[in-house]
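I opened a fresh page for this chain. My entries below record what I looked up.

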Amino acid sequence: LRGHSIPLEASETETERQKRVAADLAQALESARVQNAEVAARERATDLQEMVEQLQTALQAKAAQLDQIRTEQDTIIAEERAKVAELQKTLEQRRNDDTPTAPSQDTAPT
């Protein structure tokens, strides 16, 4: 508004004109502040959305790692259970082999 004169309206005094101009300037300033706040809020929302997307990507990567670890653990547990079952089977066979049997008729002393 510098260099521009704002004309008096009909039946308006110079003081009234100055008050009107001041009110218009205050309203324009408030409007600019609101617009700046809206722009800042949109920029912040965009930044937050990008951060959320980065966090979601990181969480998905961690979830995939956890799934892989669980799969590996399940495989190890299955292998160890198979080993235990084989050892139990071997132990049972040895117990059966060590159990004395009744002498057969052809080897019995006469």
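How much area does the chain expose, and what percentage of it do carbon and sulfur atoms supply? I noted an exposed area of about 10200 Å², with 55% of it supplied by carbon and sulfur atoms. Areas follow the Shrake-Rupley method with a 1.4 Å probe, and for residues only the protein chains shown count as cover.

I recorded that this is a predicted model, in which local features need pLDDT of at least 70 and side-chain atom pairs pLDDT 80 or more, while totals for chains, interfaces and linings use all residues. Residues are numbered from 1 along each chain as its sequence is written, and side-chain values use heavy atoms, without hydrogens and water.

Next I looked up the fold. The chain has one helix and zero strands (DSSP runs, numbered from the N terminus: helices are H or I of at least four residues, strands E of at least two). Of its 110 residues, 3% count as buried (under 20% relative accessible area; exposed is over 50%, partly exposed in between, with a 1.4 Å probe and protein chains only).

I then turned to salt bridges (a side-chain nitrogen of Lys or Arg within 4 Å of a carboxyl oxygen of Asp or Glu). The count is four. One of them joins E14 to R17, with the closest N and O atoms 2.5 Å apart. Both residues lie in helix α1, three residues apart, about one turn of the helix. R17 counts as buried because its relative accessibility is 17%, whereas E14, at 37%, is partly exposed. Another joins R70 to D67, at 3.2 Å between the closest N and O atoms.
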